[in-house]
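Here is a short tour to read alongside the model. Keep the structure open and turn to each region as it comes up.

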Amino acid sequence: MLHTVIVPVNQDYNILNLFTDSLLRTVSPSTQIIFINDGSGTAVRQHLDKLQSECKEGVTVEILQHDYPLGCAVSINSALKIAQGQYIYFLDSDTILNHNWQQLMSETLDSSDEIGMAGGVLLYPQTGGVQHCGIAFADTIGRHLFLNASPMDIPKHTFSVQLVIFAMFGMKREVYEKVGLLDEKFFNGYEDFDYQMRARAAGYDIVINPEVLAYHWERSSGIHRSFNRKNNLARFWKKWGSDIKADIWPFMFDHLKSHLEQQDAASASLPMIGVDLAEVRSDADMFWSQLREAEFATLTEVYDYSNRFNSNGAIWLPQVLGKELIQSRSRLLFLVDNFTRLLENRYWIEMRHAHRAQDLIIDLYGNVISIDRIYESCWPGTKVR
């Protein structure tokens, strides 16, 4: 077998049915599919048995059965021990796959000797917004790059990241042979990040190919995930904290620079006033410090309004700013944790629009958006994590 697809299953039957339909429609010949039924019940067991008997020529389906849930790491490890493929993929059982995902993933892995692992772009099925496009870090926080953005607004080329989630993940067999099995001390959380850090320590790079698109429902993550989150996170940072790189800043500044370069010369040369609406103060301070040193933008001053609103939910500019800055002839650059917190500001933005239409929003997930786009008819997503 050239390919092995590993799918842990602890899932609602209807969501699983959507996934398996997309998988069998898009999977390539010479593929071994291993389902691990991690205590999902009778309906799921019968469904997987039916798939095993009906799979198309060149594709084999193997089923590992857990009578009760044992968790993601145990499930994947049991499948890795019998994986035959030269390319190994992990998929969540609540994804919906698009045509050519497997070919694109294998071509991406083959594009460089340094690339050992690859992911794609996961979208919210409800909205079409970016759910996952790799993980980038500030000093102490990992963020999902370009969260909630339109797929049109993310990079068009393959790019390196520190981590991707296992919901759609591919690796060369040599990575598995060198790194081995997942660490089962991580229970339903961060076992994927730990594995990739081990692979990175072994010399392998991780990339995102934005042509690989899939939907991800996020409907089931296994038992006790929330309860074990703090323990898993603490274990991860204790083990890898000194190896994590603060790599969010190049994504943010490259995106901002590109956005400015696409505007006309008169607009691009305008001085900027910073409007700080970010709650993560250490990251906000780092952003403004680095922007002041950047050669592509002129920042005259920064106003900190981060203490004028409560955590979570929408930030209402009429309440936070009132009429301040509406008539400023300078370009405003709003910094916010995620741009979706400014969606409910059509009135203030319309008043501001009469004086200046080239204001920008940049967020700590790497998104850069013209403020006059913020009240378009529909944005792809609003969930912030």
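## Helix α6 and its surroundings

After α6 comes Gly 203, which has a positive phi near 105 degrees. This is a predicted model, so please read every value here as computed from predicted coordinates. Helix α6 itself is mostly covered, with eight of its 11 residues buried. Those buried residues are Glu 191, Asp 192, Phe 193, Asp 194, Tyr 195, Gln 196, Met 197 and Ala 199.

Just ahead of this helix you will find Tyr 190, in the loop between α5 (173-179) and α6 (191-201). Tyr 190 is not a glycine, yet its phi is positive, about 70 degrees. Is Tyr 190 buried or exposed? Its relative accessibility is 17%, so Tyr 190 counts as buried, because the cut-off for buried is under 20%.

## The chain as a whole

Stepping back, the chain has 12 helices and 17 strands. Its C-alpha trace spans about 70 × 40 × 40 Å along the principal axes. How does the radius of gyration fit a compact globule? For 385 residues, such a globule would have a value near 21 Å, and the chain has 23 Å, which agrees.

Of the 385 residues, 55% count as buried. Among contacts with a separation of 6 or more, 79% come from residues 24 or more positions apart. The chain exposes about 16,700 Å², and carbon and sulfur atoms supply 48% of that area. As for charge, there are 35 positive and 47 negative side chains, and the centres of these two sets lie 4 Å apart.

## Two nonpolar cores

The largest nonpolar core has 59 residues, and Met 171, Phe 287 and Leu 291 have the most contacts inside it. Helix α8 (residues 248-261) gives this core its largest share, seven residues. Apart from this core lies another, of 41 residues, among them Val 27, Val 44, Trp 101 and Ile 165.

Met 171 is a good place to zoom in. Leaving out residues up to four places away in sequence, Met 171 touches Leu 80, Gln 86, Tyr 87, Ile 88, Phe 90, Leu 109, Gly 116, Met 117, Tyr 176 and Tyr 195. Two of these partners belong to helices described in this report: Tyr 195 is one of the buried residues of α6, and Leu 109 is one of the buried residues of α4.

## Helices α4 and α8

Helix α4 (residues 101-110) is mostly covered, with seven of its 10 residues buried. The buried ones are Trp 101, Gln 102, Leu 104, Met 105, Ser 106, Thr 108 and Leu 109. Trp 101 is also among the residues of the 41-residue core.

In helix α8, look for Leu 256. Leu 256 has a relative accessible area of 0% and is therefore buried. Which residues is Leu 256 in contact with, leaving aside its neighbours within four places in sequence? They are Leu 291, Phe 296, Leu 333, Leu 360, Ile 362 and Val 368. Leu 291 is also one of the residues with the most contacts inside the largest core. From C-alpha to C-alpha, Leu 256 and Ser 111 are 28 Å apart in space, and they are 145 residues apart in sequence.

## Strand β3 and two loop residues

Val 61 sits in strand β3 (residues 59-66). With a relative accessibility of 6%, Val 61 counts as buried. Not counting residues up to four places away in sequence, Val 61 touches Ile 33, Phe 35, Leu 51, Gln 52 and Cys 55. Thr 31 is 30 residues from Val 61 along the chain, and their C-alpha atoms are separated by 8.7 Å.

Two loop residues round off the tour. Ser 30, in the loop between α1 (13-26) and β2 (31-38), has a positive phi of about 60 degrees although it is not a glycine. Ser 30 counts as partly exposed, at 36% relative accessibility. Asn 148 lies in the loop between β9 (142-144) and β10 (159-161), and Asn 148 is buried, with a relative accessible area of 0%. The C-alpha atoms of Asn 148 and Asp 283 are separated by 20 Å, with their positions 135 residues apart along the chain.

Key. Residues numbered from 1 in each chain as written. Predicted model: local features only at pLDDT ≥ 70, side-chain atom pairs only at ≥ 80, totals over all residues. Heavy atoms only, no water. Helix = DSSP H or I, 4+ residues; strand = E, 2+ residues; numbered from the N terminus. Rg over C-alpha atoms; globule rule 2.2 N^0.38 Å. Buried < 20%, exposed > 50% of the residue type's maximum accessible area, 1.4 Å probe, protein only. Contact = heavy atoms within 4.5 Å. Areas by Shrake-Rupley, 256 points an atom, 1.4 Å probe, with all protein chains shown as cover. Lys, Arg positive; Asp, Glu negative; His and termini not counted. Charge placed at Lys NZ, Arg CZ, Asp CG, Glu CD. Core = buried A, V, L, I, M, F, W, Y, C linked by side-chain atoms within 4.5 Å.
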